[in-house]
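Trainee: Could we go through this model together? I would like to see how each label is earned.

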Amino acid sequence: MDSSLKLFFSGVAIVITFVAFVPYIRSILAGVTKPHVFSWVIWGTTTVIVFFAQLEAKGGIGAWPIGVSGAITVFIAALAFIKRSDNSITKTDWLFFLSALASLPFWYFTSDPLWAVVVLTAVDLLGFGPTIRKAYDFPHEENIPFFLLFTARNTFALLALEHYSVATALFPLSVSSACLFLLIIVSYRRKVVCV
């Protein structure tokens, strides 16, 4: 694939990132969506670190959407905390967060971004745990279009990668799959749970 097409896919992924996040942020500000603060802290941390690992693994412009997403995700974590959304933080949540930070020594000592990406992807997926738990109990507090857009965003981010490897593709592919899983749970639970 030529570089102008990769740049187009990266641009589409970045636009989708904003299209997904702007209404999601508005929904948080309106008190409709109540994100789990620690999931977003974990996702922000992992996404920013994966962005740098993807750059080192020569992901190129395909890494840009992940970087933009990381910055906005950190903002949402702060917003979730400020708005006092779901602040229930368990010992398991702390374990996920500390695991995310523990990926940095893997990267440093191996000088290979692959290990950081593997650990961070696993932690990021585990970071879905608090949100899945909350979505199961309160499915109407989650934003279906947001997670649908993120599935599409990660698909375009994958298409935009300049170099394909486990280090560059694992994270967006895994997050896309987790978003689909969450969508299935929320859709099913909304049919079962009355408002």
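Mentor: Gladly. Keep in mind that this is a predicted model. Let us begin with W64, which sits in helix α3, residues 64-82.

Trainee: Why is W64 called partly exposed?

Mentor: Its relative accessible area is 39%. Buried needs under 20% and exposed needs over 50%, so W64, at 39%, falls in between and is called partly exposed.

Trainee: What makes the nonpolar surface patch that includes W64?

Mentor: L7, F52, L55 and W64 make the patch, with an area of about 390 Å². Membership calls for over 30% relative accessible area, and W64 has 39%.

Trainee: Now to the neighbouring helix. How do you know that the span of α2 is close to the expected one?

Mentor: Helix α2 covers residues 37-56, which is 20 residues. From first C-alpha to last, α2 reaches 29 Å, against an expected 28 Å at 1.5 Å a residue. The α6 helix can be checked in the same manner: its 17 residues reach 25 Å, close to the expected 24 Å.

Trainee: Why is α2 described as mostly covered?

Mentor: Of the 20 residues in α2, 15 are buried. Each of those has a relative accessible area under 20%, because that is what buried means.

Trainee: What is notable about K58, which follows α2?

Mentor: The phi of K58 is near 70°, a positive value in a residue other than glycine. Most residues other than glycine have a negative phi. K58 belongs to the loop between α2 and α3.

Trainee: And why does K58 count as exposed?

Mentor: The relative accessibility of K58 is 60%. The cut-off for exposed is over 50%, so K58 counts as exposed.

Trainee: Let us turn to the interior. Which residues touch the most other members of the largest nonpolar core?

Mentor: They are F21, W40, I76, F128, F146 and F147, out of 30 residues in that core. At least two residues of this core come from each of α1 (3-29), α2, α3, α5 (113-137), α6 (144-160) and α7 (166-192). The largest share is that of α7, with seven residues. A second, separate core has six residues, among them F38, I42, F97 and V123.

Trainee: What is W40 in contact with, leaving aside neighbours within four places in sequence?

Mentor: W40 is in contact with F21, Y24, P35, T73, I76, A77 and F146.

Trainee: Which helices do the buried residues of α6 pack against?

Mentor: They pack against α1, α2, α3, α5 and α7. The buried residues of α6 include F146, F147, F150 and R153.

Trainee: Why is T121 called buried?

Mentor: T121, in helix α5, has a relative accessible area of 3%. Since buried means under 20%, T121 meets the cut-off and is called buried. Beyond its neighbours within four places in sequence, T121 is in contact with L170, F171 and S174.

Trainee: One last residue: why does L29 count as partly exposed?

Mentor: L29 lies in helix α1, and its relative accessibility is 47%. That value is neither under 20% nor over 50%, so L29 counts as partly exposed.

Trainee: How far is the C-alpha of L29 from that of L79?

Mentor: The two C-alpha atoms are separated by 8.3 Å, although the residues are 50 apart along the chain. With neighbours within four places in sequence left aside, L29 is in contact with L79 and K83.

Definitions and conventions:
Residues numbered from 1 in each chain as written. Predicted model: local features only at pLDDT ≥ 70, side-chain atom pairs only at ≥ 80, totals over all residues. Heavy atoms only, no water. Patch = residues over 30% accessible without salt bridge, like charges linked within 9 Å, V, L, I, M, F, W, Y side chains within 5 Å. Areas by Shrake-Rupley, 256 points an atom, 1.4 Å probe, with all protein chains shown as cover. Salt bridge = Lys/Arg side-chain N within 4 Å of Asp/Glu carboxyl O. Helix = DSSP H or I, 4+ residues; strand = E, 2+ residues; numbered from the N terminus. Buried < 20%, exposed > 50% of the residue type's maximum accessible area, 1.4 Å probe, protein only. Expected span 1.5 Å × (residues − 1). Core = buried A, V, L, I, M, F, W, Y, C linked by side-chain atoms within 4.5 Å. Contact = heavy atoms within 4.5 Å.
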